[in-house]
Amino acid sequence: MSAFLQLDSVEQSFTRPDGSVLQALSTINLSIDRGEFVSLVGHSGCGKSTLLNILAGLTQPSRGGVILEGRQVTEPGPDRMVVFQNYSLLPWRSVRGNVSLALREVKRDLSAAERAERTAAALKMVNLEAVAERLPGELSGGMRQRVAIARALALQPKLLLLDEPFGALDALTRGHLQEQLMRLCQEAGITTVMVTHDVDEALLLSDRVVLLTNGPRAHVGRIVAVPFERPRCRKGVLQHPDYYGLRNTLLEFLHDQKRVVRRRPATAIAAPAAPVPVVRLGYLPGLDAAPLLVARQQGLFAAEGVDVQLLRCQSWEEIDDLLRLQRLDGAALSAAQPLAMAAGLGVAGSTPLPMVVTQTLSRNGNALVLNRDLGLGSGADLLAALQQGQTLRLGVPDRLSMAELLLRHWLAANGIDPQGLQWQRRSPLGLQAAMEGGLIDGFAAGKLRACIAQHRGSGTAVLTDAAVWPNHVEKVLALREDWVDGQPQAAVALTTALLRAAAICDDPSRRPLLLEVLTAPEGFGPQLREPLHEGLSDPAAGGELSQATGLLRFNRYFLGQACWPDPAEGLWVLTQLARWGLAPLPDHQDELLERVYGRRLFLEACERAGIRDQEPTQRVVTFTDGDRFDVDDPAGYAARLPYSLAPRPLAPHA
């Protein structure tokens, strides 16, 4: 069943007098059910009123659309009524005349008697029968606002839109009108969207509160469900055991948005570009580094005006050290690492190193490889062996890697306590030798290691991470925050080049080029040509790389919004780090996620590259085992996870 009201990828941009473009709203996706009361909350300038005008049909979005009962909203209409903060009453007409005039102009099929009857009913709903013949200038502010509400209700709209309707009223009048509005909307079953700055008002009136991030490029940062039963009264809401927890959730989000604004450099992206310095990026040999190598080989960095030096490293520890010593400006990191570095998690005594993720470099790409001597040829064989008490020593490239987090998720979902395994952190380059030397029974790492093990005949890939969470984030481009703040245009240019390279990597016709780039001396070396050819080709296609489709399912670089730096995925990572006791859940999660994920830089790069449709629309992740991670309810998700080692419950997020 489709939603009553649907905002589908709505964007809004405005052209400034100097010709530059300001994007106010960025990919707003929201579904609202019939009869629901939804509040839009955010700081001034985040686009709340702009979004309300789009819903009303007063403004057309630059991109995307609004669907009301299956029909696109393209202009104002009587099925949507707006109540503004300034009342918008005709001063020369009486209270009754203002309401009746609206009916006469909009509902032309009504007779005079029907208009009079409906006008009287609307005034009765807001308790204004006694002042029906007075002029607006003779009324208090609260009474004038009630006239505006009565005028809207008389038209019996499908959607009532309220733009801070009580913002200019005194506290006593505001409280009285809030109670009346709540009663009227509930009795009439009117679907309502209200803009407000008042979190207490939002919690009192709403079924859900939609929190918007700061502009420009404002988007939905969080959706908070309000569990209070209806009918409601103010006293009952204030006494509800969840009230102050929800209130703190809203205030914490708004506070975090202020802190993000304070740290944003004044120069921002639109500043004139200075001479671009050399950009030093680190990476480990693996297929997730393919966009970096392709961009260099194809001259894409130079085409965007950046001089990029790529440094192949031997371990994640080396990359971490070089970033802290400022010998690297950024690196291709596992998705969990920038969060851990920015929050000072993971290594005991480590100091925070603020990082900014400007792009996802790859999705999927890991495999669980077991020593062939174990005789376990599938994931089912492995589960059966573990259920019978067999021990297993597994190597992982980093204790904060997606390979380990997803493997732990898979084991727990299948009734195996991951703590029963012996986890060993080893350099990715040493995993194969450790398995062949009998130091570990297998490893969870990228496809390149799996290709080598398969080619050498020493290991068998029994599980891929795509079989646990299809299209999950794997590696990201993370840049030091201090470098980004000083060189925002260079960060955009760098990301633009990598976006173009990612599109090449996901083009099957360019697969032979990809193999040449990866096995060049400045890549991984010609000694890996044969195992990589085997891994990238499809036997059913006769070994022709351009006909192979398996890589699109295993490693993904561009297709399906693959490049989007998604804080929702970062939120899942934070729940898992806390779940397994690898790192405590940091305070101010929203601030951390907003600070780490540089979506504004990414969208600027998309505009520069002429690339659209990279922003995802879903807020629920479904794993192959049927488990669901709701971005708006991470605490509920974490509460039902088995074998959790979290030292304390996760703080409510939404």
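In what order do the 6 strands of the open sheet stand? I began my notebook with this one, keeping in mind that what I have in front of me is a predicted model.

**Entry 1, the six-stranded sheet.** I traced the order as E6-E7-E8-E3-E9-E10, and I noted that the sheet is open and that its pairing is mixed. Strand E6 (80-83) and strand E10 (220-225) are at the edges; each has a single partner strand, so one side of each is left without a neighbour in the sheet. Going from one strand to the next, I found a twist that averages 20°. I then looked at one pairing in detail: strand E9 (residues 208-212) and E10 run antiparallel and are joined by 5 bridges, and in this pairing leucine 212 has valine 220 of E10 as its bridge partner.

**Entry 2, the helix across that sheet.** I looked up what H5 lies across, and the strands are E3 (37-41), E7 (159-163) and E8 (191-196), with the helix running at about 165° to E7. From H5 I followed a salt bridge outwards: glutamate 179 pairs with arginine 234, and their closest N and O atoms are 3.9 Å apart. This pair links distant parts of the chain, since glutamate 179 belongs to helix H5 (residues 171-188) and arginine 234 to helix H7 (residues 234-239), 55 residues apart. I checked the accessibility of both partners, and glutamate 179 is partly exposed at 29% relative accessibility, while arginine 234 is also partly exposed, at 29%.

**Entry 3, the five-stranded sheet.** I turned next to an open sheet of 5 strands, whose order I wrote down as E17-E16-E18-E15-E19, again with mixed pairing. Here E17 and strand E19 (459-464) stand at the edges, and because each has a single partner strand, one side of each is left without a neighbour in the sheet. Ignoring direction, I found neighbouring strands of this sheet turned by 30° against each other on average. Helix H14 packs on the sheet and touches strand E15 (366-371), E16, E17, E18 and E19, its direction making about 170° with that of E17.

I also went through the pairings of E16. Strand E16 (residues 393-396) runs parallel to strand E17 (residues 422-425), joined to it by 4 bridges, and valine 396 stands opposite arginine 425 in E17. With strand E18 (residues 442-446), E16 shares 2 bridges, again in parallel, and there leucine 394 stands opposite glycine 442. Taken together, E16, H14 and E17 make a right-handed β-α-β unit.

**Entry 4, a salt bridge inside H14.** Are arginine 408 and glutamate 404 buried or exposed? I found that both are buried, and that they form a salt bridge whose closest N and O atoms are 2.8 Å apart. Both lie in helix H14, 4 residues apart, which is about one turn of the helix. Elsewhere, I noted a network in which salt bridges that share partners join Arg280, Asp329, Arg480 and Asp482. The count of salt bridges comes to 31.

**Entry 5, the nonpolar cores.** Which residues have the most contacts inside the largest nonpolar core? I listed Ile319, Met402, Leu407, Leu411 and Trp572, in a core of 71 residues. Helix H14 (residues 402-413) gives the largest share of this core, with 8 residues. Setting aside its neighbours within four places in sequence, I found tryptophan 572 in contact with Met402, Leu405, Leu406, His409, Trp469, Phe623, Phe629 and Tyr637. A second, separate core has 56 residues, among them Ala290, Leu300, Leu310 and Leu479. I added a reminder that, in soluble globular proteins, nonpolar side chains tend to be buried together.

**Entry 6, one proline.** I closed with proline 291, which is placed in helix H9 (residues 290-297). Why does proline 291 count as buried? Its relative accessible area is 0%, and buried means under 20%. Leaving aside neighbours within four places in sequence, the contacts of proline 291 are Leu361, Leu498, Ala501, Ala502, Cys505 and Tyr557. I also looked up its separation from threonine 74, 217 residues apart along the chain, and the two C-alpha atoms are separated by 41 Å.

Technical notes:
Residues numbered from 1 in each chain as written. Predicted model: local features only at pLDDT ≥ 70, side-chain atom pairs only at ≥ 80, totals over all residues. Heavy atoms only, no water. Core = buried A, V, L, I, M, F, W, Y, C linked by side-chain atoms within 4.5 Å. Buried < 20%, exposed > 50% of the residue type's maximum accessible area, 1.4 Å probe, protein only. Contact = heavy atoms within 4.5 Å. Salt bridge = Lys/Arg side-chain N within 4 Å of Asp/Glu carboxyl O. Pairing = 2+ DSSP bridges. Axes fitted to C-alpha atoms, helices over the stretch in contact; angles between N-to-C directions. Right-handed = clockwise from strand over helix to strand, strands pointing away.
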